[in-house]
Amino acid sequence: MAKRISLLTCCAVLALIAATSRLAAQAGVIRGRVTDSTGAALGRVSVTIEALGARATTDDQGNYEFRSVPAGSHSVRVRLLGYVPLVVRVSVTAGQPTRQDFALRTQPIALSPIDVVVGSRARHTASEELAVPVDVYGAEQLLQQGTTETGQILQALSPSINFPRQSVTDAGDIVRPFTLRGLSPDQTLVLVNGWRQHQTALVNNFTYGMGAGSSGVDLNTIPQSAIDRIEVLRDGASAQYGSDAIAGVVNLVLKEGQFTPYANVEAGRYAPDNYPADGTTTDVNGGWGLKLGRGSLALFGEFLDREPTNRAYADAIEDAGTGVADSVNSLGQVVIKRNPVAQPNHHWGDGLEKDVMTMGNFRMPLNEARTSELYTFGGYSFRRGTGNGFRRCAVDCASFITGRAWPEIYPLGYLPEFHPDVTDYSVGGGFRGATHGWSVDLGASFGHNDFKYNLRNTLNVSLGPCLDPAAPCAPGPDGILGTADDPGIPNKTAFYAGQLTREEFVTGINVAKALDLGLRAPVNLALGASFRRERYQLLRGETGSWINGGHLSPDSAGADGIWGTADDDSLTRGGSQVFPGIAPSDESNSHRTNVAAYADLETQLTPEFLADVAGRFEHYSDFGSRMTGKLALRYQPSRQVTLRGAASTGFRAPGISQEYFSKVVTNVLAGKAVQVGIFPVSTHAARVLGAKPLRDETSVNLSGGFAYSPTSNVTLTADYFYIKIDHRIMLSGTFSQDSTLLILADSGITGPGGSSIGGLQYFTNGLDTRTQGVDVTANLRVPQVGGGTLDWTAAVNWTKNEVTRVDPLPPIFNGTGETGLIDTVTWIGITEERPDWRGTLTGQYSLNRFHALARGSYYGKFSSAQPGFCNLCRERYGAKSLFDAELGYRFDQVDLSIGVRNLFDTYPDQPSSTVFDPDCVATSKDCNTNSGVFPWAAASPFGYNGRYLYARASIVLNR
């Protein structure tokens, strides 16, 4: 298949090139210069002919040029941060140049959402003017990544971002968080148009590539077509923006204004060498900017349909009771089929996903001068996805999970499946204006996220082998069928297992004014205050999903295999398999509030020296108050050289989900299926084992670096960062020693419906960490290469995470055999589960209507002890390089592109350690591959799906 597509690709490229000269003869040229109102040249201005999808950027002299513009009338738009955008109608004559100059006036509204550049509260026209490192990625860059997942796009663009694939991580398969600078997802603040974006309701119990117990923002709820640019502040900014901004800030700026309706249609499929082609993905998205009087309404929508992928190997152990397993070769393929179980019998890859996303952005100036306006923006998204757990076998298989399949219901065993519904919506808005020299922004926002646990291909073992509602066979706690305590419900193969909900309401005011304090330049003073209310709710699942029906498990009939005889054991397993439902005892509806105020001063002390100082006070109703501060300096001794540095203190409040999340989950620890209870620190279960009330994380951030631009077409930056975090919050290790379980049993602590639990975790502030690293970026524009323009962009990140302190175990654990507050798996997850080095090199070439992209991505070595979850399961994985390419041609109203991600079908390493783990009773390799059926590194930062081929059409719907 790959060869056929490659041949078609070559033919298409030749046809496009052959058509270039013919179409160019019917076209003209638009060129001109952009200045401010005084006539000074403006560089880095965005100039677009949106009906054609054509974009240009002015050079340092303010010049721009479009070639091969079709004859006729076109709307040309110019825009620069801090200035009022302009749209001018330009007539083009075939074969002749047309000149159109622009003069931009400054934007009187200093806190306009389109003018947000994170890292400063003062007005700046470019990120290069700031004292801290900020990367800005425009809409054109977002479009050229061969995917519409915002999180995956951001990882491809920024080496500081990690967005690992997930498989067999329960709900983590459906909602994937991202990390910045190797820290947790909840240590990066996400903004939309400068307003705080709410986090997901989901708690990451054992997702790969990040610390357990975090909750992040789901970037994939925002349609990529709605994003004008993404700003990534790579510096601690709690003093400027509040809690969570320890690692940095990501700000998504939405498109706005009037523009021609457009649609993007993208389709692709994985075409690996050693697996069948799968993962067919179709995405349709678009937008339309409507003029409404003085204002505008921009509307966006997206639909995504992604089929699953599967890179699992065939199971060479399971025999389905026949006594004969399949013959499987070294590539995990069945050579001789010997039993009726379909292969592969596990799932290791992406799940099914269907998304509907919408977004709107409204702005209405209230006067002709546009010095005041009303604004609002918001969106709605719905996702239905799938994820799988470990296989439940009728007799035996590589997952070691037995006694959980009734042959009467699943004669050959089953693969349980998550099939959740995820709903997310938000809205923000307010008034923005200017009065007595002050810029004022008064507004509010509200965000909602809920996660409904729907399960398929499952059952509740304790309800017995009976599906008929007229003949339930669960005996209840007394173990005798027909008595009053019988639950009276049949077993089922699908359950609604409960819902998580998270909501956040924020209202605030920001004001700014340039003050004359007798210094060389005015001092920009920004002040603000806000109020925030958060809510977190757990709703119970249907009764069958959490109850313990009292029926003995299939493997409890004893040696004689006959129920009701003397050798029967007393093992019962309550709750739906793969995810016991949320029980009534887990239900909660909790909230907390926060009030905050900040002040920010920034000025140019000398022509070369910029200083910015900020301070912030916050008070939380659940843990108290915190004061943070920041000092940032920028020194530019010449036009070519800029030095910058910052020092700040930061904090992150305990997540409301970390305070109130309560659940029993099924985990596979060292090759054994265990029901693990996760309990809030305020509960009896957690207090018995020494849990303490959560407090905030605190941090010290230091950074320093330089930017060097020897010529107008070359830029090089390098920044060092140091982040020390005290009292870091995460899930403890799993306390599961026999002595610990006796303590829990003696304290009356059980799972759903009274089921026994095999381990317990709670959230803790029990460790300190240190993160340090270096970011390097470089840009080179070569204006004349074969008549076209070639742009090179390079970025490199090195990050090192270390655990510097861990609290001792509470005294209750003395003599239990528990080894520490966090286990080896957690330690490795914090320090080594992300690549130490990340790098990208991207070349983009444009010639008239033709454009091309080539990209190389480097992922350094990393380690992981997942999914084996045993103390000696450490696996070390080597570095890998991936290569992408894209070719495209722009017709009058359609821009066609074809491309490939992971051109050479590269995969991560396979687990290979032969170290024997006595708990797993197998080697590290066998534990981490589930005895060979999970062949690839679970924590791979780029996944393990292989080569992906795609085609995209960007269509202007009218002229």
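In which sense do β31 and strand β32 pair, and over how many bridges? In this predicted model, the pairing of β31 with β32 (residues 641–652) is antiparallel and extends over six bridges. Arg634 has Arg644 of β32 as its bridge partner. The connection from β31 to β32 is a hairpin of five residues.

β31, which spans residues 624–635, also pairs with strand β30 (residues 609–620). This pairing is likewise in the antiparallel sense and comprises 12 bridges. Within the pair, Arg626 of β31 lies opposite Glu618. Three residues form the hairpin link between β30 and β31. β31 thus has antiparallel pairings with β30 and with β32.

A further set of pairings involves strands β38, β39 and β40. Strand β38 covers residues 763–785 and strand β39 covers residues 788–806. These two strands run antiparallel to each other and are paired over 17 bridges. Ala794 in β39 is found opposite Ala778. The hairpin of β38 and β39 has two residues between the strands. In this hairpin, Gly786 adopts a positive phi near 60 degrees.

β39 pairs in turn with strand β40, made up of residues 837–847. The sense is again antiparallel, with 10 bridges between the two strands. Gln844 in β40 is positioned opposite Asp791. β39 is therefore paired both with β38 and with β40.

Conventions:
Residues are numbered from 1 along each chain as its sequence is written. This is a predicted model: local features need pLDDT of at least 70, side-chain atom pairs count only at pLDDT 80 or more; totals for chains, interfaces and linings use all residues. Side-chain values use heavy atoms; hydrogens and water are left out. Two strands pair if DSSP finds at least two bridges between them. Helices (H or I, at least four residues) and strands (E, at least two) are DSSP runs, numbered from the N terminus.
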